[in-house]
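Let's take a friendly look at the salt bridges in this structure. Please have the sequence and the model open as you read.

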Amino acid sequence: MSEQRYRTAAYVRVSTEDQTVSLESQIRHFNEVMDTTPHMVNCGIYVDNGISGRYLNRREAFLQMLTDCELGLVDRILCKSIKRFGRNTLDIVRAIARLTELKVSVYFEQENIDTLKDRNNIILVTMAHVAQEEAEDVSESVRWGFQRRYEKGMMILNPNTPYGYKLEYGELVPDPVQAPIIKRIFEEYADTGHSTLICQKLNREGIRTSTGKTFKPSTILYYIKNEKYKGDCLMEKRVLLNGRAVKNTGQITQYYVENHHEPIVSRELWERANEVRQKQTKVDVFQPKGDNPLEGVPIRCGKCGHAYTRRFTNGQQYRFVCGGHDEERFRKCESPSVRLQTLQNIFIRIFNDLRGTKRRLVEMPLSGELVAFNAELDRLLAQERTYLQLQAKGLLEGPVEGEYNRLLNQIVRAEDRRKELLRTNAMNIEAENDLRRYNKVIMRPTELTEFDPEIFKAVVKKITIYGRENFEFLLTNGQVAKVKTYYYHNKEDEIDEVVYEKVWGKK
């Protein structure tokens, strides 16, 4: 009788693209193992090159491997070590638990652990913790090194240098082709204050950004306020939080170094251009003065999905314009502008139609369920501590070990369910509060004759515009009002009809 053969794949990961030698050696090693082992069928190697193991959603090859296991295409996975498999304890435990349910074994060479044969999850969890802590230590060490360099006024340079500069021996040096363009931008902006006109000139002349794209007003304004063009450098503009780079608004110390490198424009020109920017920004991007009475309620285009924004005035009338109107990626959306007065009049009509009719408030019992679930999770974690004490005494073996493995799977599933309950509970609480505000304002004793921003925000959740004559108002009471109007170029639009449709799952 022939020996059973297992469809075997290998998972390989390195954190940086500089580790190509390590990557190639792992691939060569696992191909040799799978090709020369009689009971293995080589099903290929999943490779994540230059990807950190801390964030599962960024590892495309790893996710594809899990998908193929779900489809029953793989029986066995080979991996150099647990720290190659992942750097996040919870991700590792979840992945191993699911693969175990699918009867897919994972063999870690360095630790000599087979997840189906050994079933020793306490070792697996411990090693996963070590892998995660090692990654955090490396990250902290790098962060510490950067901090010391910043304190000495030394900038951490990367290949993405500002437009107008190039790197020479680790220093920023003006680029002979791009630097004159930057100087021209500063001079023209200081004289005119119009970033749009500057963009049009540069684009007509065939000049492009460092990425080969056309210039936009936002690009010009970004250049104008960049301190590097006057030779200074502000360090730590962004900070890494939960794996994402966000704007540093005081989370960590920033360092400002004057005369850090050779400037492209003089300080006087830089200051003059930025004084103009502060005065002209609102005019330059066509932002009307005064508060937006519809602020707080999203207005979306039904054709391209962009937000409608109040960007300019036509005479004395504010109009809303689709953000995709000038966006080349969306082939310049043709959705027309809409008068502010039209949207206000539609709301007044909707409010007066619904006035005096409350929507019944159904209290969500999920809060109680969440409290009970938290208690259940605490009970499971208390049991886990008992098993850890047994492990410390060398008593975690046989049936006891099997019970502990089942408990670990329960804890993983319980954590997932708890996060889902927290998210759902928060959404329900927000919906209840919104409905209370709606019921309060909808019982107004008299009809609405003038637009009221506070009432508007309590009644309307979102507006979708499909053209000058077709609108959808999503309401807090669980309905959507579909509105048709007659558009007139030289006079106020008229409302043709309003149809209310229910969007709630239950009454």
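R98 is partly exposed, because its relative accessibility is 35%. This value, like the others here, comes from a predicted model. The partner of R98 is E101, and the closest N and O atoms of this salt bridge are 2.8 Å apart. Both residues belong to helix α4 (residues 89-101), where three residues, about one turn of the helix, separate them. E101 has a relative accessibility of 42%, so E101 is partly exposed too.

Three of the pairs can be set side by side:

| Salt bridge | N to O distance |
|---|---|
| E101 and R98 | 2.8 Å |
| E188 and R184 | 3.0 Å |
| D493 and R339 | 2.6 Å |

The pair E188 and R184 sits in helix α6 (residues 179-192), with four residues, or about one helical turn, between the partners. R184 counts as partly exposed because its relative accessibility is 23%.

What does the pair of D493 and R339 tie together? D493 is in the loop between β18 (479-486) and β19 (494-502), while R339 is in strand β15 (residues 338-339), so their salt bridge links parts 154 residues apart in sequence. Buried means under 20% relative accessible area. D493, at 10% relative accessibility, is therefore buried, and R339 is buried as well, at 5%.

Some bridges share partners: R184, E188, K201 and E205 are joined in this way into one network. Over the model, the count comes to 15 salt bridges.

Methods:
Residues are numbered from 1 along each chain as its sequence is written. This is a predicted model: local features need pLDDT of at least 70, side-chain atom pairs count only at pLDDT 80 or more; totals for chains, interfaces and linings use all residues. Side-chain values use heavy atoms; hydrogens and water are left out. A salt bridge is a side-chain nitrogen of Lys or Arg within 4 Å of a carboxyl oxygen of Asp or Glu. Helices (H or I, at least four residues) and strands (E, at least two) are DSSP runs, numbered from the N terminus. Buried means under 20% relative accessible area, exposed over 50%, partly exposed in between (1.4 Å probe, protein chains only).
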